[in-house]
Amino acid sequence: MKLLLIEDDIFFRRFYVEKLKEKGFVVEEADDGEQGLEKLKTFKPDLAVLDIIMPKKDGFEVLRSMQQDPTLKRIPVLVFSTLGQETDVEKAKSLGASDYVNKSLFDFNQLLAKINTLTKSNPKS
Amino acid sequence: MTDFNLAAYKSLYLKTAREHIANLRINLELLKADPADKKVIYEVFRLFHSLKSQNYFMGFEKTAHLCKIFENFFRAINESKKTFNPQISPVILKTVADLEHSLNEIDKNNNEIDLTPNIINLENGLSQL
């Protein structure tokens, strides 16, 4: 299963990419929203894990662009949020995101469960 | 919750957190020159947000809370709910120095410094702006 992690902070990127690869996922990474949109088109992931507060294009802009592209629109998006981003998560959901995880809690089992649920329920996978 | 060995990530956390602090200082200088620069305001907001997230992740809650105060402050400015007054710059720079001090303690002793008085003072002070 192919995952794209779009996250500007190298600390979180390295940690989660390593842990997801250990679980057998094929993981590609992008360090800002602009690069994320490019890799969504070329890598064609089964699911994108998307940070919101990023340089160049933030997560909201990525979601808006995805909604305008019939192919990208089908990719489920899991928002990568932290404490205090409840409003951001609601806004992201209104723009097409499927669910969210709190990256600062590193509840890895919950992350895996959400990835499995979203990819199983998505006809693209 | 899965139990990870976070010690293995401590050096990466410290390295990236110190880079964020260095970038904060650069951007706070830019903000003094142009307090209405939207790109710089967003960058300061993003850096405090990243520092907050990393510190919560590593379990340094007081350091994270201090970052969260300025994340919220700059979020409001970014959303045009407040304007940036350069007179607050020394307070922010003092906070950045406190954050750096806490990182140094974490580096040496694996313990953050007690930032509770700073948190209380800032929460009271910033709410009146």
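**Exercise 1. What share of the contacts in chain A between residues at least 6 apart in sequence join residues at least 24 apart?**

Before starting, keep in mind that this is a predicted model.

*Step 1.* Take the contacts in chain A whose partners sit at least 6 apart in sequence; 57% of them join residues at least 24 apart.

*Step 2.* Now set out the elements. Chain A has 5 helices and 5 strands, and along the sequence they run β-α-β-α-β-α-β-α-β-α.

*Step 3.* Check the overall dimensions. The radius of gyration of chain A is 13 Å, close to the 14 Å that the globule rule gives for 125 residues, so chain A is as compact as a globular protein of that length. Its C-alpha trace spans about 35 × 30 × 25 Å along the principal axes, and 41% of the 125 residues are buried.

**Exercise 2. Work out how strand 1 of chain A (residues 2-6) sits among its neighbours.**

*Step 1.* Start with burial: 4 of the 5 residues in strand 1 are buried, so this strand is largely enclosed by the rest of the structure.

*Step 2.* Look at strand 2 (residues 26-30), which pairs with strand 1 in the parallel sense over 5 bridges. For a handle on the register, A:Leu3 has A:Val27 as its bridge partner in strand 2. To get from strand 1 to strand 2, the chain goes through helix 1 (residues 10-22), making a right-handed β-α-β crossover.

*Step 3.* Turn to strand 3, which also pairs with strand 1 in the parallel sense, over 4 bridges. Here A:Leu4 has A:Ala48 as its bridge partner.

**Exercise 3. Is A:Asp51 buried or exposed?**

*Step 1.* Find the residue: A:Asp51 belongs to strand 3 (residues 47-51) of chain A. An unreviewed UniProt entry puts the feature "modified residue: 4-aspartylphosphate" at A:Asp51.

*Step 2.* Count neighbours. The cut-off for buried is 20 or more other C-beta atoms within 10 Å. A:Asp51 has 28 C-beta neighbours inside 10 Å, so A:Asp51 counts as buried.

*Step 3.* List the company. Skipping neighbours within four places in sequence, A:Asp51 is in contact with A:Ile6, A:Glu7, A:Asp8, A:Gly59 and A:Phe80.

**Exercise 4. Describe the side of chain A that touches chain B.**

*Step 1.* Count the residues: the contact takes 16 from chain A and 16 from chain B.

*Step 2.* Assign them to elements. Helix 1 and helix 5 (108-121) of chain A each supply at least two residues of this side, with helix 1 giving the most, 4 residues.

*Step 3.* Sort by character: on the chain A side there are 8 nonpolar, 4 polar and 4 charged residues.

Terms used:
Residues are numbered from 1 along each chain as its sequence is written. Chains are lettered from A and ligands numbered from 1 in the order in which they are written. This is a predicted model: local features need pLDDT of at least 70, side-chain atom pairs count only at pLDDT 80 or more; totals for chains, interfaces and linings use all residues. UniProt positions are given in the numbering used here, feature names are shortened, and annotations may be inferred rather than shown by experiment. A residue is buried if 20 or more other C-beta atoms lie within 10 Å of its own, exposed if 12 or fewer, and partly exposed in between; C-beta atoms are placed from the backbone. Two residues are in contact if their C-beta atoms, placed from the backbone, lie within 7 Å. Two strands pair if DSSP finds at least two bridges between them. A crossover is right-handed if, with the strands pointing away from the viewer, the path from the first strand over the helix to the second runs clockwise. Ala, Val, Leu, Ile, Met, Phe, Trp, Tyr, Cys and Pro count as nonpolar, Asp, Glu, Lys and Arg as charged, and the others, Gly among them, as polar. The radius of gyration is taken over C-alpha atoms; the globule rule is 2.2 Å times the number of residues to the power 0.38.
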